[in-house]
Amino acid sequence: MKSILYLFLFSTSLCFAQTLLKPDQVFDGTELHTNWVVLVEGNQITYVGNANGVSLPNNTTEINLAGSTLMPGIIEGHSHVLLHPYNETDWNDQVLKESPVERAVRGTVHIKNSLMAGVTTMRDLGAEGAGYTDVYLKKTIEDGIIDGPRLLVAGPAIVATGAYGPKGFHDGVTVPLGAEPASGVDECIETVRRQMGNGADLIKIYADYRWTPGAASKPTFLQEEINAMVATATTAGKYVVAHASTPEGMKRAILGGVETIEHGDGGTPEIFKMMKEKGVGLCPTLAAGDAITQYRGWNKATDPEPERIQQKRKSFKLALDSGVKIVFGGDVGVFTHGENYREMELMVDYGMKPLSVLKSATSGNASMFHLNQLGSLKKGFLADIIAVKGNPVQDISVIKNVSFVMKDGLIYKE
């Protein structure tokens, strides 16, 4: 009986632990403040503000984070937790030769690396041939079996029949596909419903893609098919995002009612204006294109920028000038998990202000993804909090120097 009572008291003390975080400055999701502290009780933030204004509960633990900036946990907007860099194993071989079991084991490492890098929430946009493995990874995190960020998962993702890979086999060979194919309004509706029923938090569709290897991307789904998929998801309280890089593919997705466009390489002023008017966000995934171009031989240190990179700079500037909401998301998995900061560095390099980048990766993504208690350091919000050495508003590159990670009030790195 005594041991049971001790265990109860011990677990209760953990649930109601109080921690005062004392950094050099606090980025609250909107602005940078000096001489601020943050008090956490249990898994909630109960005070954010001037150090002189806090009233500490008994038995509060104080953590001194001198030289650091405290900020909300990073919200990664575009990841593939079941992929690893293509210069290790190309995409086709990951889909065709790595079993879902192997990929799940790899995924546990990937998500832990991202958490240690300060990413406390991740939106996984497609299991890339591994079925609903991302759904099960999410469950094991929530069940406390493994450590990882909060996950928002899309499951298999949806492609138009014939418009995805792996390809290059004769018509008598059946190979696993990187996403689930669908055609026609009825089948599109059925596929969305099946994926939601199997645990997808959101639906990812491919509004354009290469019909044959090496060809230019072209629109895939018809407008009525996209409309039907969005209507099906929103009726169930979920939403749709779209891979789209051509003007027509982006246009159809926007008109259909998707909430974010992923990539958007070929965006035009007219397209970005339409996105802004309809509140559609752009997740530019700068780091993915940068990584893939390097895998193909580009030496960033000595070679001029290839046309693909020049086009990406141009479209990103058009997006910034239009005022469209920029979603932080690098397509991590194409490059190394835990190096999510690459996207932030490139966003600044391509013309975005560091403060705006930090907002995008915290409060902006929280708003875009309907995460009402995340993305800001405010009283009553969940205690997803990180610290980085230095001041990322002055130098975005210090975002890689994560010295402290708290998720849901629990400390994972100190």
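## Close-up views of the predicted model

**View 1. T285 is placed in the loop between strand 16 (281–283) and helix 9 (286–295).** Helices (H or I, at least four residues) and strands (E, at least two) are DSSP runs, numbered here from the N terminus. The model is a predicted one, in which local features need pLDDT of at least 70 and side-chain atom pairs count only at pLDDT 80 or more, whereas totals for chains, interfaces and linings use all residues. Residues are numbered from 1 along each chain as its sequence is written, and side-chain values use heavy atoms, with hydrogens and water left out. T285 has a relative accessibility of 3% and therefore counts as buried, where buried means under 20% relative accessible area, exposed over 50%, and partly exposed in between (1.4 Å probe, protein chains only). Leaving aside neighbours within four places in sequence, T285 is in contact (heavy atoms within 4.5 Å) with H78, H263, K312, G329, G330, D331 and E343. The C-alpha atoms of T285 and M250, which are 35 residues apart along the chain, are separated by 15 Å.

**View 2. Strand 6 (residues 74–79) runs parallel to strand 7 (residues 119–124).** The two strands are joined by four bridges, where strands are taken to pair if DSSP finds at least two bridges between them. Within this pairing, the bridge partner of I74 is V119 in strand 7. Strand 6 is mostly covered, with six of its six residues buried.

**View 3. Strand 11 (residues 203–206) directs its side chains to opposite sides and runs parallel to strand 14 (residues 240–244).** In a regular strand the side chains alternate between the two faces of the sheet. Here I203 and I205 point one way from strand 11, while K204 and Y206 point the other way, and all of these residues are buried. Four bridges join strand 11 to strand 14, and the bridge partner of I203 in strand 14 is V240.

**View 4. T19 in strand 1 (residues 18–27) and V38 in strand 3 (residues 36–41) are in contact.** T19 counts as buried because its relative accessibility is 11%, and V38 counts as buried because its relative accessibility is 0%. Leaving aside neighbours within four places in sequence, T19 is in contact with V38, L39, V40, T60, T61 and I63. V38, with residues up to four places away in sequence not counted, touches T19, L20, L21, V26, I45, Y47, V48, L70, L377 and I385. Of these partners, L377 is 339 residues from V38 along the chain, yet their C-alpha atoms are separated by 7.9 Å.

**View 5. The chain is assigned to domain 1 (18–72 + 377–413) and domain 2 (74–369).** These bounds come from an automatic or database domain assignment. The contact between the domains takes 21 residues from domain 1 and 23 residues from domain 2. Taken over C-alpha atoms, the centres of domain 1 and domain 2 are separated by 30 Å.

**View 6. E98, E102 and R106 are linked in a network of salt bridges.** A salt bridge is a side-chain nitrogen of Lys or Arg within 4 Å of a carboxyl oxygen of Asp or Glu, and the structure holds 20 of them. Side chains of opposite charge can pair when their charged atoms come close. The side chains of R106 and E98 meet at 3.9 Å, N to O; R106 is partly exposed, with a relative accessible area of 28%, whereas E98, at 8% relative accessibility, counts as buried.

**View 7. E142 and K138 form a salt bridge, and so do D143 and K139.** The side chains of E142 and K138 meet at 4.0 Å, N to O. Because they are four residues apart in helix 4 (residues 133–142), E142 and K138 are separated by about one helical turn. E142 counts as exposed at 57% relative accessibility, while K138 is buried, with a relative accessible area of 15%. The side chains of D143 and K139 meet at 2.7 Å, N to O; D143 counts as partly exposed at 45% relative accessibility, and K139 counts as partly exposed at 48%.

**View 8. L96, F169 and V173 form a nonpolar patch on the surface.** Together these residues have about 230 Å² of accessible area, a quantity that comes from the Shrake-Rupley method with a 1.4 Å probe; for residues, only the protein chains shown count as cover. Patches are made of residues with over 30% relative accessible area and no salt bridge, with like charges joined within 9 Å and nonpolar side chains (Val, Leu, Ile, Met, Phe, Trp, Tyr) within 5 Å. F169 is found in the loop between strand 9 (158–160) and strand 10 (180–182), and is partly exposed, with a relative accessible area of 41%.
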